[in-house]
Each structure stands twice: as C-alpha cells, then as structure tokens.
Amino acid sequence: MKDFTLTAMFALSAEMLGGFLWPIVALTALLAVLLLFALMRQRGFRGPAARASAIAGFVVGAAAGLAAPALTKASFSDLHGALDWGALILIVLAGFVGATAATFALAGCAWHRAGKG
Amino acid sequence: MPSFSPGPLLDRRRFLAGSAAALGAFSASPAQGQTLKTKARIVIAGAGAAGLTVASRLRRLLDGADVVLVDAGIEHIYQPGLTLVGTGIRPSRYVRLSTADYVASGTRWIRENVAEFDPVASRIVTDKGTWLPYDFLVVATGLALDYAAIEGMDASLIGREGIASIYAGPDAAAASWGVLSAFVGKGGVGLFGRPTTEMKCAGAPLKQAFLADDLLRRAGTRGRAEIIYNAHNDTLFSVPLVDAKVRTLFDRQDLKANFSHVLTRIDPGRRIATFATPRGTEELRWDLIHVIPPMRAPASVRHSPLAWQSGPFAADGWLEVDKATLRHRRFPNVFGVGDINGVPKGKTAASVKWQAPVAVDHLVAAMAGRSGTEIYNGYTSCPLITKIGRAMLVEFDYDNRLTPSFPFIDPLDEHWVVWIMEEKMLKATYTAMLRGFV
C-alpha cells in the first residue's frame, strides 16, 4: 500500500486514460466550478434542478451498476463476497454522485439563467 | 573461477565516488528527492520490462551519468497480456508496444544485442561488434525459450495440430487462441503443464487450464472434453497454501492432474505427447496441447563468467546475484534485474517492480561509496485467473509466505475485483512501471 502515492496514482491514471486525461481533468474542474456556482445561486441543493439531477444520478448510478460486470466481460454470478459487492456499490455510488453533481452544475446554472428557482 | 581484478576500472569508480562525496553532491539519499552528480557509465543489457524500468529510475536519480540501453528489439511485448491473447480475451495488438515510447529521456539506446559479457574487463560486446566499457552493468536480458529441448517441438508448430503456446509472442498467442477455440468447439483431450526448469509466470499454465475449462462451459461443450494438467513435480503450485486451494479448484471444476510428468517429446502427426514419470515414460494423446518450453538464460549470459558456477541455478546459466541485494556475488559492479536472475523466486513483471528499486539503490550507493539499504524479499505476484470474471491475487516471498499488497483482498479467494485489476488495470500499472513511476 505504501507504493500507492499520489504520484503513482496520477501516473497510473495517465497510463489508463492516455490523451483523455487532461481533457477529463479540465472538464471535471469546469464542472466543479459550475457546481459551486449553482450551489451558490440555488442557495444549496434544492429546487427543480436538484430534483432533476437526483433523478439523473439515480438513472446513471443504476445503469453503471447494471453494466459494470458486463463491461469487464464478467457477470453478476462472478461477484463473490463483500469485496466484490462493495466494489459494485461504490461504482453505483460514484455514478450517482458524479451524475447528480454534473447535472446539478449544468441544470442549476441553466435554471438560474432562465430566472427559475 | 575468474577472479575480479580491481585494476584501473575500480580506481575510476573510487574516483567517481570520492568526487561525489567531496563535492557534497548529495546530503541525503537520492531516494529523498536529490540527484547524484556523476560521470559514471552504466550499461543496461536488455530493454525489456526490467531494463526500461531500471533506466527510467536511474535517469531520475543521476545527474550526468551515461546510461546506455543495449537491445535490438524495437517492439516491446507486454508479456502479462499474452494469457489474455491466448484465450481470445484480448487481440494480439493489445500486447504490442513500442520500446522507443518507454526509453527514458537522456538515455542512449543502442539497437544491438549483447553477444558477450566480459566482466573482468568491465565491458560488453554486441552482435554488431560494438565494444562498450562500463563502470556499472545491469543485466536485464530476460531469458531464452528452449523449445528444442522438447523432442519434436518447434515454435513454428504453434497453431497447428492442436499445439498451443503463448510464450513465443503475440503471434503465437493468437495462433494458440485459434487452436483453443477449435478445441472448445469440438472437445477432446486437452493437455496442459509446465517444464522442470525455472520459468516466467509459473501461474500461466494453470490460468490456461482454468480458462480452457471456462470457455468449454460457456460453449456447452465441457461434457465432451477432458482437461489434464501435467505437473512437473508433486505440486500444482509452489506455495503450499495456494497449492491446496488450486487442488480444491481442480476438484470443483473436474480438472485432472498428473504429478511428476515432464514433457519430453511430441509427435505432431499422431498427436502423441511423451512424458517422463517416476514409473517410466507415459504417452498421452491430445486434441489440444499447451506447450510450455523449458527456459534458461540466454547464451550470452550462460557462456559468460556472470553465470552461477555451481548450485541449482548453474545448469541453466542464470545470473549469479545475491538474492537480497541483486548485486553480482563475484563482480561488485554488476547487478541483475528480472527473469535473468538466479534467485529462488521472482520471474514475473511484478517482481521487476520490486527488484528494480533494490538494484538501483545498491548501484547508486556503490557509486557514492556507501552501502545500499533496500532488500528484495523474493516478492512474486500471480493474478491467478480461475475463470473469465474471477481471479485470485496470489503474492508471496522467498519463504512462500503470502504477502498481500491489499489487506482487504484474501489471496486465496476468487474475486471479480482481482479480475478487473488483471484485465483493466495491470497494463497501465506495467507501463507506469516502465516509466519509473511505480
């Protein structure tokens, strides 16, 4: 575990993502800024934007969980024990949180510009 | 036995070390972020996983050194992926990389192969006649596959007459998938096994057997097939705890095991394999045979003073290094990393990850006139695939102690997460290692 330094994790991400790394980092940073803006403008995670983003998060999270084994050439019957099911839950949560945050970042700003909520 | 004569080269190394100390080139270990100023010449024989990794690490730690990689291979093969190619999980292009992409900046790369090692004179000679003197040498040549040691076998047979063998490279692995997929469709007798020699990735033969079983089950043809694993001794895996687990899996999956069966001859026309056993020879017919060739050191090492002169590693010419420091036991300015080492364990890519920092530590320390501190404990890792979608993360040391990197992963349990690590993340970890980052 001591070898999993930030540098090593970044290097690993760079190897996995290749040319997509920096665009993903930039997009994530942009969405983070938009999310902060949306939270400020909406005065928190509330209103129609929040409801829409929660629905989107639920859909994406569920889809991620359903698709994850197949995307790794496996099936649900291959999941074994707390480790595997815990990993699947983390994938679902990551999908839910990521999609919710991204959707709220965009919807929150769009709702604000439209003068809603 | 050749003796190491200090002579002018050791004087040069003493001068380099003294200069570094006198100039106060470092006040802390280079591992703590500082570089060592030196004009040392370091030759790395081989630009495979071990050579590239060592070069990357040295370039980060040394300022001014002449680091030279010697290897004619322009294509770099991601060997841990050959199992996936040989079972149709990945295409052959998945394992093909370019050496040039991983040669560390500032490293000279001589596209020739080492033909001769002269450690007494501290120089190597390439197959093109180039002489390269060195202050320090890292031997990272990898090993040689000896298909000819099996009578009737030749690498050109792979993909024909039901003969598979993933070790010969991406094309051979792809051809092996061809014969395996034909076997999956028709069934019959599938023979698997391993040689008596040291070998790289000793778990791969078992993975092939398990994956063949899984593919047959997925195709609905398992009832028409018999899978027989021919172990070279009385175990299926060298680590007793893992051996017990593998035997359980064999029973569960109805895989048969013959013990102390060593493949000595094949007859491709009749599809008969001959095994040496304690009770004499035994012939087995095959519809699929996965041949793992005996392995030994390349001739350049085997025929040099660098090879073990006696003991269990002498017959196949492995590099004589101290198993903890990876420094040559008779030539102190020589180090070994990777498959070439004559040590009890450690012929996997994961072993390179742990060996490289140790060898580099002791090499740099020798340059600086001090002692290194890192120790290699024999770490070997085998993500043992038991079916598509599941694997066991088996890690162990010289003493056959399980040494899990992740405390939450039971090394004797099959997991989807470990399969993901093998199939999705291992290649990225490997290439990050080549760049010296992990």
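This passage walks through a predicted model of a complex, with most of the attention on chain B.

The confidence scores are a handy place to start. For the complex, the predictor reports a pTM of 0.91 and an ipTM of 0.90. Chain B has an average pLDDT of 93, with 92% of its residues scoring at least 70. Two stretches of chain B drop below 50: in residues 1-10, the model shows seven contacts beyond near neighbours in sequence, while residues 20-32 have 19 such contacts.

Next comes the overall build of chain B. Its radius of gyration is 22 Å, which agrees with the value near 22 Å that a compact globule of 438 residues would have. Along the principal axes, the C-alpha atoms of chain B take up a box of roughly 75 × 45 × 35 Å. The secondary structure of the chain comes to 24 strands and nine helices. Of the 438 residues in chain B, 53% are buried. Looking at contacts with a separation of 6 or more, 65% are made by residues that sit 24 or more positions apart in the chain.

Chain B is also split up by its domain assignment. Domain 1 is pieced together from 7-73, 111-143 and 297-367, and domain 2 covers 147-294. Taken over C-alpha atoms, the centres of these two domains of chain B are 36 Å apart. Where they touch, six residues of domain 1 of chain B meet five residues of domain 2 of chain B. On the domain 1 side of that contact, three residues are charged, two are nonpolar and one is polar.

Then there is the nonpolar interior. The largest nonpolar core holds 140 residues, and the members touching the most others are B:I44, B:V54 and B:V138. Helix α8 of chain B (residues 349-367) supplies the largest share of this core, with 13 residues. Both domain 1 and domain 2 of chain B put at least three residues each into this core. Another core lies apart from it and has 12 residues, including A:L35, A:F96, A:A99 and A:A107. Back in chain B, and setting aside neighbours within four places in sequence, B:V54 contacts B:I44 and B:V138, along with B:A140, B:V337, B:A356, B:A359 and B:V360.

One glycine makes a good close-up. B:G203 is found in the loop that runs between strand β14 (188-193) and helix α5 (204-219) of chain B. This glycine has 24 C-beta neighbours inside 10 Å, so B:G203 counts as buried, given that the cut-off for a buried residue is 20 or more. Once neighbours within four places in sequence are left out, the contacts of B:G203 are B:C382 and B:L384. As for another glycine, B:G48 is 155 residues away from B:G203 along the chain, and their C-alpha atoms are 20 Å apart.

That leaves the meeting of the two chains. The contact involves 20 residues of chain A and 24 residues of chain B. On the chain B side, helix α9 (residues 416-434) gives the most, contributing 10 residues. By type, the chain B side of this contact has 13 nonpolar residues, six charged ones and five polar ones.

Notes. Residues are numbered from 1 along each chain as its sequence is written. Chains are lettered from A and ligands numbered from 1 in the order in which they are written. This is a predicted model: local features need pLDDT of at least 70, side-chain atom pairs count only at pLDDT 80 or more; totals for chains, interfaces and linings use all residues. pLDDT is the predictor's confidence in each residue, from 0 to 100. Domain bounds come from an automatic or database domain assignment. Ala, Val, Leu, Ile, Met, Phe, Trp, Tyr, Cys and Pro count as nonpolar, Asp, Glu, Lys and Arg as charged, and the others, Gly among them, as polar. Helices (H or I, at least four residues) and strands (E, at least two) are DSSP runs, numbered from the N terminus. The radius of gyration is taken over C-alpha atoms; the globule rule is 2.2 Å times the number of residues to the power 0.38. A nonpolar core is a set of buried Ala, Val, Leu, Ile, Met, Phe, Trp, Tyr and Cys residues joined through C-beta atoms within 7 Å.
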